[in-house]
Amino acid sequence: MGFLDALFGKEKKVEVPPFYDIVCPFCFQKFNPEDVVFRASHSKEDDEEFCLQEDETLNKYGDRFDLAPLPDMEAVIDPDKIPFEYKKYVDGVLVEIVDKYGIPTRRRLCPKCHNELPLTAGKVPGNIISIVGASQVGKSVYMTTLIHTLQNFTANNFDAACLPVSVDVSRRFRELYEDPIYGDGELLTSTRKTAKQEPLMFQFKFKNDQKPPVTLVFFDVAGEGMVEKEYMDIFAAHIKNSSGILFLVDPLQMRTIRNKISIKREDDLGDFTARYDEPREVIIGMFENFIGNEEKGKTNIPTAVVITKSDMLKILSGEDYIKENSNIFNNVTHEKYFNINEFENINGEVKRFVEKVDRAFVDAMEVYFSNTAYFAVSALGSNPIEQKIQSTVSPVRVDEPFLWLLYQLKYIEGRRI
Ligand SMILES: Nc1nc2c(ncn2[C@@H]2O[C@H](COP(=O)(O)OP(=O)(O)OP(=O)(O)O)[C@@H](O)[C@H]2O)c(=O)[nH]1
Ligand SMILES: [Mg+2]
Ligand SMILES: [Zn+2]
């Protein structure tokens, strides 16, 4: 045993912090678990403090999404007013209080917006993964196939399980995303800016208890809002408090590629995005709203640049852009470890491709993001015709950028295989 080992004890225990800061998955403000407030679990008509009442804070939150005010509800209790012996802590986190009527409540609310927090908030590290990108780049479809793949394949490949945090999340994911795409072969309508954005939360839990679980918060933003100041005011907080960013770029939205593909397609029937914003505008929108305020005007949040709809690039193979036998078109499975050789190949190839077709975009990425890597995915595996998926959904490389983020966040190990 070496001198240092002897001094510090060989098995140096990793200190687990007693709690984690909570980032509210609704309004994205960050706070200490001690600062939560509670919703009473009952009401008393003759008590002004405990009668059913309007929750102005919660209504103000709903207002941003044009939601009608909610009916009167149970009182909000500030735990500061509760004596210590009436508070219950689990793993260092305040989880329950008993009110003056002796009735307990476990409904923890965000102090800033009064939405109810998930059970795990503050107990395990929460990681918001933001999916950003211009209008119609494929954010909603990608999120759907990514979550589907994580639940059905990836989790198992990494000795983990990926489960929705609540029955409500499970139902919403199935009804709004999974069933239309996997069941009916229908595409989704463009995500509306004004619709209330409820995050989809999943728990990625390793079978090895020593590894902390990861709470993943997916947020499906509306692309049309990404370049608008007002919309970004709300979402800047969310992106800023993310642990990782998936920055989606549609090759069909890059001018050079767009022209090439539209000539080559001739009378192919497949869908072709009509609306498009240059991906650089999304960076500028993000810069104005949060990156500009970061140290040195740069963000160090790991950011995966993900080229979507890679199936469309097949049309270009033969050109000097992409070879027919390119890695981009082959699905790969990362198992147990993040495969670093495979990663380096794809990162190099995709980055060279983007440099060729949109040098200015790569330059902008380099100026504002300090930790990036490049990927290419096809969420569907083929091009839909008239908003209908033609064959079974067969995603290509969809979980790779996500696994790179987990690797960057040190949840999984990387190996040269
Ligand atoms: N060829 C091909 N087309 C795709 C793929 N994924 C998405 N698309 C096409 O892109 C369109 C837009 O996808 P969405 O996921 O709805 O795009 P979005 O980024 O959520 O768009 P907004 O909600 O408007 O911001 C779909 O209707 C499909 O036509 C893919 O993997 N391959
Ligand atoms: Mg969408
Ligand atoms: Zn909140």
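Me: Before I look at the interior, what is a nonpolar core in this predicted model?

Reply: A nonpolar core is a set of buried Ala, Val, Leu, Ile, Met, Phe, Trp, Tyr and Cys residues joined through C-beta atoms within 7 Å. In this predicted model, the largest such core has 100 residues, among which Val 306 and Phe 375 touch the most other members. Helix 3, residues 139-157, gives the largest share of this core, seven residues, and the core draws at least three residues from each of domain 1 (22-109) and domain 2 (126-415).

Me: Which residues does Phe 375 touch, leaving aside those up to four places away in sequence?

Reply: With those sequence neighbours not counted, Phe 375 touches Ala 304, Val 305, Val 306 and Ile 307, together with Ile 346, Val 350, Arg 397, Glu 400 and Pro 401.

Me: How should I read the sheet formed by strands 5, 6 and 7, and which strands stand at its edges?

Reply: The three strands form an open sheet in the order 5-6-7, with antiparallel pairing. Strand 5 (87-90) and strand 7 (104-105) each have a single partner strand, so one side of each is left without a neighbour in the sheet. Strand 6, residues 93-98, is joined to strand 7 by two bridges, and Ile 97 stands opposite Thr 105 in strand 7.

Me: What residues surround ligand 1, by class and by closeness?

Reply: By class, the shell around ligand 1 has nine nonpolar, eleven polar and four charged residues. Of the 24 residues around ligand 1, those that come nearest are Lys 139, Ser 140, Val 141, Thr 191 and Gly 223.

Terms used:
Residues numbered from 1 in each chain as written. Chains lettered and ligands numbered in written order. Predicted model: local features only at pLDDT ≥ 70, side-chain atom pairs only at ≥ 80, totals over all residues. Near = placed C-beta within 6 Å. Nonpolar A, V, L, I, M, F, W, Y, C, P; charged D, E, K, R; others polar. Pairing = 2+ DSSP bridges. Helix = DSSP H or I, 4+ residues; strand = E, 2+ residues; numbered from the N terminus. Buried ≥ 20, exposed ≤ 12 C-beta atoms within 10 Å, placed from the backbone. Domains from an automatic or database assignment. Contact = placed C-beta atoms within 7 Å.
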